[in-house]
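Me: Could you take a close look at one helix pair in this model for me? I'd like to know how the two helices sit against each other and what touches what.

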Amino acid sequence: MFPTLIKPLSTANISVHSTLTLIYEEYFSKTGDDDLELALALSLMEMEDQQLSTQHLQSEVRTTQSDPFRLNSASGFTNKDTKTKHNDPQNNNKAQTKQYAVKESTNLMEDQTSNQSEKPKSAKSRRKRRKGAVSIIGLPGSPSASPPVLLWFRRDLRLCDNPALNAALEMGAPVIPVFIWSPEEEEGPGVTVAAGGASKYWLHQALACCCTSLNRIGSRLTFLEAEEQSSLRTLKQLVKETGARTLLANALYEPWLKERDDEVVSALQKEGVECKISHSYCLRDPYSVSTVGVGLRGIGSVSHFTSCCKQNPGPAIGVPLDPPQSLPTPACWPQGVPLEALGLARMPRRKDGTIIDWAANIRTSWDFSEDGAHARLDAFLRDGVYRYEKESGRADAPNTSSLSPYLHFGQLSPRWLLWDAKGARCRSPKFQRKLAWRDLAYWQLTLFPDLPWESIRPPYKVDKSLNLNHFFEVKRATLWSTQPCGNTWWRLFSLHICIFHGSNFQDTLVDADVAIDAMMWQNGGMCGLDHWNFVMHPVDAALTCDPYGHYVRKWCPELADLPDELIHKPWKCPASMLRRAKIVFGETYPERIVVDLEERRNQSLQDVASVRKEFGQFVDKRSGCDLVPLPPRLVSEALGWSKRDGEAAKEGKQFLLPVITRMEFKYQRDDPDADAASNPYNAVLKGYVSRKRDETIAFLNQQDFTASVMYEGAQRRERLERDYRRMEGLPPPPSARGRARRTPTAKDRFSIVPGGVVTS
Ligand SMILES: Cc1cc2nc3c(=O)[nH]c(=O)nc-3n(C[C@H](O)[C@H](O)[C@H](O)COP(=O)(O)OP(=O)(O)OC[C@H]3O[C@@H](n4cnc5c(N)ncnc54)[C@H](O)[C@@H]3O)c2cc1C
């Protein structure tokens, strides 16, 4: 490829072209092993800037001859980078953002909240960036003598911005990329569907793509099945077989996987293998997020989480790393198994021997490769992001990024995504905030390892053997979906379903993610850390998501012939219309699930009131807030205890913290038999109809804000006046009477969550 690559120089810069051709020809006329420095001549980026004189080039060659493995990262750029830079103005902008980036010490909060432009400008900073990402080049198929490095791929199936891969390159030793399939370890101790059918299928395809990418840079991916379901055993065997002295991987944050990784690290280190686990799956390492300086008030909300990140920024998020151009290979490869042998994409057979290809839809809807992830991101930032702020809840239009499966399997790093989103022409703070949601989910999972199978609020624990008929009716909707289900879509299904059955959906999701799913089902089911003060209206919310019924017509063709205005409430159709559309309730279409909405709302409120009464020890007498047992890590942080004291807390007392609780629940505690209509804090029923109400509330809030700003101004003037009078020895001004107070009073007790105080 090299002669083709440098061909444009034959007209643009003849002297550089002839020098490179000379080096190239010399290289192929020699046989010695020391020719790796050819890679040096590929300092294409320097040439691109037209700054490399022949003399300079020769001196560079001389320098690196003394250190043949070191290379300016310029040659670490892939063709993809160069291509995107030249072709598309949008990508051009994006590529510049990544390459020109200099501000390494951004913290998550700045990323999420600031709107300031960070578009880097100077070529100087661009070079700085490139130099920062030094990579080591081994030519494909050129074995090196040093002991190989094991690069353990897990949910980081990418070459771009992969810290473990870059660390492997920096070692200058041969790299052996491996993937070990160990489903039991993935699942953890409780009931999760960490690896359901659809997501296993995605994993299969993603592994195949990752393997192809590695082949392109002269390497390969070895697939292994964990011996006796133990990755450690397999790794030990690998170390023995390959003589590797180093293991590199990117961290996973599910507590049970972290525990496994800690065991692996300590066991291998005992055998003299150096292990390094890098951070990249989230923007913030969830184990390092601390509440110090922020307290516990509002815990569970994204704003609390972002405040914690702001207050305790930890290491900088840094800039995305470029993909390597090649990877040093070992003299011999370990024995693996074919990808198919992992059984990730099994298709059942019918009795007649034909295959049931349940994944056909998934296959035709997605490009599973890393390039596919980048293409989707680019397309979203070019188009969908403009509608994201206001219309991300629409089910009938691709207004969200559809990146969740790529993020889950690490084909796209959140850091890369954040940088691109920040550099896009249209920035959506709401979209960037979603990455904070993602980090919040992992933080919660690290704090509450039982999150996927146990309610965080103890009184809300339910009988998990509830009737599931409704659930399965719902489940038909978008089985093995072609597009991730949006947040609003999910919430439509709050039909009195036990959340732990809700998480059974995971089997059908390509983006099934234990942390996000658990947090969202817990919050949706009112038993998580956050209590959202709204309820989805089954019809109005459907009208908001799918105003023209396109989504319903696609996934529920039984209703396709109904008019737009009635498609979300077929029971309202006249009999003749139902006959024409061939709808017979109970036969061709299920009976209505929620018949009397008001009655359901009452029932739900009274259920909550009665469990709160029954489990009075988990309700704060003073504020009426639910109490949640605190994990020892938070107790230690709140009380400023050392790690040892924290351990003592684990064994000793249980600490209970008042958490955000819906105002209507607090009110209902005082009057358990009151119906929803008489509850002044009755949650907003979200949807088309209530949008008007939302807008009115937003308007009133705006007015309130303006009023309070004016009030503060008036107070300031009064203060100045008072001070002036005091200094001048004048009598105090007449007191203001009959003014409205804007500060919360005791009357507002339902709007107050006591914070930070831990009661035992
Ligand atoms: C009950 C319920 C269960 C869910 N289960 C999953 C799941 O198993 N896997 C999953 O990836 N998402 C889940 N979500 C969150 C959300 O619905 C999806 O992440 C999102 O719709 C995926 O589409 P997208 O990539 O187009 O999202 P976008 O809106 O474009 O968001 C970009 C990314 O931000 C992250 N994100 C978005 N919303 C959330 C959220 N609420 N919490 C945490 N991170 C978020 C995701 O990684 C997503 O890919 C669930 C939501 C609910 C209400």
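Reply: Sure. Some background before we zoom in: this is a predicted model, and of the chain's 760 residues, 39% count as buried. The secondary structure comes to 32 helices and 11 strands. If you take the contacts between residues at least 6 apart in sequence, 78% of them join residues at least 24 apart.

Now for the pair, α13 and α14. Helix α13 covers residues 231–242 and helix α14 covers residues 255–270; their axes come within 10 Å and cross at roughly 30°. Angles under 35 degrees count as roughly parallel, so α13 is roughly parallel to α14. As for handedness, the α13 and α14 crossing is right-handed.

What touches what? On the α13 side, the contact is made by Ser231, Leu232, Leu235 and Val239. Facing them from α14 are Arg260, Glu263, Val264, Ala267 and Leu268. Sorted by class, the contact of α13 with α14 has six nonpolar residues, one polar and two charged.

A word on confidence, too. The chain averages a pLDDT of 77, and 70% of the residues score at least 70. The model scores ipTM 0.99 and pTM 0.74. There are weak stretches elsewhere: over residues 464–481 pLDDT stays under 50, and the model has 26 contacts beyond four places in sequence for them. Residues 489–494 also stay under 50, with 14 such contacts. Where pLDDT is low, the predicted coordinates shouldn't be read in detail.

Conventions. Residues numbered from 1 in each chain as written. Predicted model: local features only at pLDDT ≥ 70, side-chain atom pairs only at ≥ 80, totals over all residues. Axes fitted to C-alpha atoms, helices over the stretch in contact; angles between N-to-C directions. Helix = DSSP H or I, 4+ residues; strand = E, 2+ residues; numbered from the N terminus. Parallel < 35°, antiparallel > 145°, perpendicular 65-115°, else oblique. Left-handed = near helix turned anticlockwise from the far one by under 90°. Contact = placed C-beta atoms within 7 Å. Nonpolar A, V, L, I, M, F, W, Y, C, P; charged D, E, K, R; others polar. pLDDT = per-residue confidence, 0-100. Buried ≥ 20, exposed ≤ 12 C-beta atoms within 10 Å, placed from the backbone.
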